[in-house]
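Hi,

Here is the model I promised to send over. Have a look at it first, and my notes on the helix packing follow underneath.

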Amino acid sequence: MWWRNCRLFRLRSATRDRMLIGTSRALACVSALVVVLIVAFLIGESAPALARVGPVRFFTDESWHPTADASAGSFGLVPTLVGTLLTSAGAIALAGGLGILSAAFTRFYAPRRLAGWYALMVELMAGVPSVVYGLWGLMVLVPLIAAVRPPGASLLAGIVVLALMILPTVALLADAAFAAVPRDCVTAAAALGLTRGASVFRVVVPAARSGLFTAVVLASARALGETMAVLMVCGNVVRIPRGVFDPVRTLTATIALEMGYARGDHRAALFVCGLVLLAAVTILVATAHAAGRGRPHGTT
Amino acid sequence: MARPDARWSARALEAAVWIAPAIVAGMFLWLLGDLLARGVAAFLPREADAFDFGAAIELGRNIVAFLTSAPERAGRGGGIAPILVSTGLILAVCIAAALPFGLGTALFLSEFVPLRSRFGTLVRRSLDVLAGVPSIVFGLFGNALFCRLLGLRFSILSGGLTLACMVLPLLIRTAEESFRAVPISQRHAAAAAGFSQWSTVFRIVLPQAAPGLVAGLILGIGRALAETAALIFTSGYVDRMPGSLLDSGRALSIHIYDLSMNVPGGNAHAYASALVLIVLLVLINAAARWSTMRLLHGQERRA
């Protein structure tokens, strides 16, 4: 073949081996460095804002009216932080319960065929792009909520859409946690004459609790970082909501909305938002890994 | 156990186990049904009273027209041809950039370092963190590095490279898994037969891992295709046909977002585009599944 004549193939095999190992080591180093680069760029780009606005003003400024010159604008991140926390907490409260119950359903209750269909549906849910969830929320859920209490685009809409989006994460990881419970526990529960409900909720769930905890924590990391769906259904008003029908704005939505035109310190402030987000998500992922040691990478 | 309240709570949990999946399935089928109904409705001929043979032909013609014409009036009319081209180019850049790094890293982790070595653990930790980074943060990073520092501006190249960073952990994990699935005895046999490591990798490991690599690659493409937030300010909004990789190009998911949020009267075409996106993703997932099946089938045959 043509490549037999290439220079590479006339090298001594030891040289070729060394090249192969050296190249793959170099590629691995670059792959490992991507995340370092991301952190470095976030810190580098947000440095002007951290220097001129200062970390304190992000919490003490009354409102969010960022300007290219730090001395003129106000940079209060509190309403946006509250928005992010409320949407994520609400979504986790909903999806955590529903997801763990779904996993219990497919593993212990459903007839085999129904469980198969349901698992397929959950997999499909995981594959649906966030922008499609957002579209559905915007076109169906928001008008529905508006009929009850205007304006419709609200914290509630965000929570429901976000819960639906992170549900597959909870369900799949909870199912894996149930699968990891030793078969002996289940058999022993059956031998003791426990009902199915008792053996599931008093034996299996407590035995799987560290895995379930990991599932919920990783899902909340996804909820914090989600952009499109909350951007489309939450109304994006920068104000601390007084109820679930009030509109909110999240950190991610702020970045997506303002990045297009932000200049100077305003742009740097958006990188500060990104840095906060990255720190929060990394802490959550690290917590999950500490709880369920030895998980393969990329499973979030 | 026999306390009455305990029994009631147990009964409530048993009921919840059936109710919760019903709620989830109901919501999701509602979403899918809405998407299908309004997506297909966007293609249906206007005046037809009944869905007969003529209407079916008209429907087919509308779909083809939508896929092959340029958007008009900010997407309210026309089709999505330039958007499909931009999406394809962004994916091509993403794969071309991510594949060498993904394969090289996976090869290194599975073949050339021990499982629990310090360097291998370090690389895996770093990839764990990368896998958790929110997509909007990838967008910020891509904007700062590719658009500004490297001077690529809003372009297909910037968007594709940003997505490459994003799919890298997924690609590496699936590739490493398929390399590790090749039995160690075959490597020993190759070493005993005097194969160099180069030959072992290219004649033994790679060919056997190929279906798994393809499956991982397809999953990565699916992930990239579904992405929106990382592209808004890296590949940009321009909906004209891109002339080169340095032009800004609008991805399909961004088109959906823009039509539904910023273009009054763009809903019908937002749904039509969403339907196209979902169909593409389902096809991609079917391809990945088929590839995985071939992998499993091949292992059975060898065993």
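In which hand of crossing does H1(A) pass H3(B)? The crossing is left-handed. Before you read too much into that, keep in mind that this is a predicted model.

Some geometry to go with it: the axes of H1(A) and of helix H3 of chain B (residues 81–112) come within 8 Å of each other and cross at roughly 115°. That angle makes H1(A) roughly perpendicular to H3(B).

If you want to pick out the residues, H1(A) brings Ile21(A), Thr23(A), Ser24(A), Arg25(A), Leu27(A), Ala28(A), Val30(A) and Ser31(A). They meet a set in H3(B) that runs from Pro100(B) and Phe101(B) through Gly104(B), Thr105(B), Leu107(B), Phe108(B) and Leu109(B) to Phe112(B). Sorted by class, the residues of this helix pair come out as 10 nonpolar, 5 polar and 1 charged.

Now the wider contact between the chains. Chain A puts 65 residues into it and chain B puts in 71. On the chain A side, helix H1 (residues 13–52) is the biggest contributor, giving 19 residues. That side of chain A divides into 43 nonpolar, 18 polar and 4 charged residues.

H3(B) also has a partner within its own chain. It packs against helix H8 of chain B (residues 197–226) at an angle of about 135°, and the two axes are 10 Å apart. At that angle H3(B) is oblique to H8(B), and the crossing is right-handed. From H3(B) the contact uses Leu91(B), Cys94(B), Ile95(B), Ala98(B), Leu107(B) and Glu111(B). H8(B) answers with Val201(B), Val205(B), Leu217(B), Gly220(B), Ile221(B), Ala224(B) and Leu225(B). The class count here is 11 nonpolar, 1 polar and 1 charged. Leu107(B) is worth clicking on, as it is listed in the contact with H1(A) and also in the one with H8(B).

One last residue, Ser291(B), sits in helix H10 of chain B (residues 267–302). Is Ser291(B) buried or exposed? Neither, quite: it has 19 C-beta neighbours inside 10 Å, and buried starts at 20, so Ser291(B) counts as partly exposed. Leaving out residues up to four places away in sequence, Ser291(B) touches Pro211(B), Val214(B), Ala215(B) and Ile218(B). As for Pro100(B), Ser291(B) is 191 residues from it in sequence and 20 Å from it in space, C-alpha to C-alpha.

Cheers

Terms used
Residues are numbered from 1 along each chain as its sequence is written. Chains are lettered from A and ligands numbered from 1 in the order in which they are written. This is a predicted model: local features need pLDDT of at least 70, side-chain atom pairs count only at pLDDT 80 or more; totals for chains, interfaces and linings use all residues. Two residues are in contact if their C-beta atoms, placed from the backbone, lie within 7 Å. Helices (H or I, at least four residues) and strands (E, at least two) are DSSP runs, numbered from the N terminus. Ala, Val, Leu, Ile, Met, Phe, Trp, Tyr, Cys and Pro count as nonpolar, Asp, Glu, Lys and Arg as charged, and the others, Gly among them, as polar. Axes are lines fitted to C-alpha atoms, for helices over the stretch in contact, and angles run from 0 to 180 degrees between N-to-C directions. Angles under 35 degrees count as roughly parallel, over 145 as roughly antiparallel, 65 to 115 as roughly perpendicular and the rest as oblique. A crossing is left-handed if the near helix is turned anticlockwise from the far one by less than a right angle, and right-handed if clockwise. A residue is buried if 20 or more other C-beta atoms lie within 10 Å of its own, exposed if 12 or fewer, and partly exposed in between; C-beta atoms are placed from the backbone.
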